[in-house]
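Please open the model in your viewer with the cartoon shown, and keep a selection panel at hand for the stops below.

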Amino acid sequence: PMVKLITGQVVKTEWDGKWWITRVLQVDASLVRLVFDADKRTEWIYRGSTRLGPLFTEMEQQKLRRQQAAEPKKDGASFTRRQTMPTKKKNAPYIEYKRDGADPEATESRETSETPP
């Protein structure tokens, strides 16, 4: 998974054990160039890095859900109510899941017809 970002977005980013407010300067494939508001320092970061706040939060939530699923049910409860998803903020970064599987029919080698002599 990678964080979907666009130029100008604000995102929390971890640096030196603390969370900082950063702004997206440039997105280049799997990398994002950020400027830290506090000291105007810039840095290229992989969009799949847990140093980016949205991905860190998502991974922590997944870990919590796995732990809760592994715990035995208490008091005969047969189901757990699922928390509703927060409403998506306009222009907010979000996690993008993609599969890079190629179409098997497109990758097969095609036979070429031979021209008669």
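Colour the chain from its N terminus onward, and the elements appear in the order β-β-β-β-β-α-β-α, which gives two helices and six strands; helices (H or I, at least four residues) and strands (E, at least two) are DSSP runs, numbered from the N terminus. This is a predicted model, in which local features need pLDDT of at least 70 and side-chain atom pairs count only at pLDDT 80 or more, while totals for chains, interfaces and linings use all residues. Residues are numbered from 1 along each chain as its sequence is written, and side-chain values use heavy atoms, with hydrogens and water left out.

Next, select residues 10-15, strand E2, together with residues 18-28, strand E3: the two pair in the antiparallel sense over six bridges, where pairing requires that DSSP finds at least two bridges between the strands. Within this pair, Thr-13 has Trp-20 of E3 as its bridge partner. Move to the hairpin, where two residues lie between E2 and E3 and Asp-16 takes a positive phi near 55°.

Then extend the selection to residues 31-36, strand E4, which runs antiparallel to E3 and is joined to E3 by six bridges. Here Val-27 stands opposite Val-32 in E4, and the hairpin of E3 and E4 again has two residues between the strands, with Ala-29 in the turn at a positive phi of about 55°.

Finally, select the whole chain and show its surface: about 10,000 Å² is exposed, 51% of it supplied by carbon and sulfur atoms, with areas from the Shrake-Rupley method using a 1.4 Å probe, and for residues only the protein chains shown counting as cover.
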